[in-house]
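Reader: I am new to this structure and would like a close look at one part of it. Please take the aromatic side chains, and then say what you can about how the helices are placed.

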Amino acid sequence: MDDIDRKLIALLRADARRSVAALAKKLGVARGTVTHRLRRLEDEQIIVGYTVKLKPEAEPEHIRAWMGVQVDGNQTREVVASLLGEPAAIAIHDTNGRWDLWAELQAESPAELSKVLERVRLIKGIRHTETSILLTSFR
């Protein structure tokens with residue numbers, strides 16, 4: 001990746017709905033260049049998808065939670081693979097500190113979140129978890 005690729009990715013992070021023409025103008029390159037670079041970045045799986053980010057208030061019927069996960073021994077890959085298979089997991093983050101992993105979870109009700117937590121606690125290789133429900137986000 002070069003500077004143009006990095007700038008292109010930064011523009012897409014800010015607004016993934018920008019047109020190829022708008023991206024090209026902002027980067028000072030031809031539309032064909034942007035199209036070619038996007039295709040290459042997707043083919044090389046540097047860009048693996050495009051998404052929509054919503055404010056938590058936009059989905060008031062959902063409960064979001066953060067779960068800290070301590071992994072038992074050297075089983076991080078197995079635990080991550082299992083967590084990625086959990087439908088309620090929005091994202092899994094590898095980190096340092098007290099928790100080996102942070103899982104972003106989303107459920108439709110407290111009862112559903114309880115079921116998610118039960119399923120996650122049964123994953124082989126998880127030593128301990130601690131979950132906090134997201135109440136409000138500030139930006």
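**The aromatic cluster and a helix pair**

Author: Trp66 is a suitable place to start: its relative accessibility is 33%, so it counts as partly exposed, a class that lies between under 20% for buried and over 50% for exposed. The model is predicted, and what follows is computed from it.

Aromatic pairs come next. Rings are paired if their centres lie within 6.5 Å, and by this rule there are two aromatic pairs. In one of them, the ring centres of Trp66 and Trp102 are 6.2 Å apart and the planes stand at 80°, so this pair is edge-to-face, since planes over 60 degrees apart are counted that way. Trp66 belongs to strand S1 (residues 63-71) and Trp102 to strand S3 (residues 101-107). The two residues are 36 apart in the chain, and their pairing links distant parts of it.

The other pair also involves Trp102. Its ring and that of Trp99 have centres 6.3 Å apart and planes at 65°, so Trp99 and Trp102 are edge-to-face as well. Trp66, Trp99 and Trp102 make up one aromatic cluster.

Accessibility within the cluster can now be added. Trp102, at 29% relative accessibility, counts as partly exposed. Trp99 has a relative accessible area of 7% and is therefore buried.

Now the helices. A pair of packed helices is described by the angle and the distance between the two axes. For helix H1 (residues 3-14) and helix H3, the axes come within 11 Å and cross at roughly 85°. H1 and H3 are therefore roughly perpendicular to each other, a term that covers angles from 65 to 115 degrees. On the H1 side, the residues that meet H3 are Ile4, Asp5, Leu8, Ile9 and Leu12. On the H3 side they are Val34, Arg37, Leu38, Arg40 and Leu41. Sorted by kind, the residues of this contact are seven nonpolar and three charged, with no polar ones.

One further residue of H3 can be described. Thr35 lies in this helix, which spans residues 31-43. Its relative accessible area is 32%, so Thr35 is partly exposed. Thr35 and Leu23 are separated by 12 residues in sequence, and their C-alpha atoms are 9.7 Å apart in space.

Note on methods: Residues numbered from 1 in each chain as written. Predicted model: local features only at pLDDT ≥ 70, side-chain atom pairs only at ≥ 80, totals over all residues. Heavy atoms only, no water. Phe/Tyr/Trp six-rings, centres within 6.5 Å; stacked < 30°, edge-to-face > 60°. Helix = DSSP H or I, 4+ residues; strand = E, 2+ residues; numbered from the N terminus. Buried < 20%, exposed > 50% of the residue type's maximum accessible area, 1.4 Å probe, protein only. Axes fitted to C-alpha atoms, helices over the stretch in contact; angles between N-to-C directions. Parallel < 35°, antiparallel > 145°, perpendicular 65-115°, else oblique. Contact = heavy atoms within 4.5 Å. Nonpolar A, V, L, I, M, F, W, Y, C, P; charged D, E, K, R; others polar.
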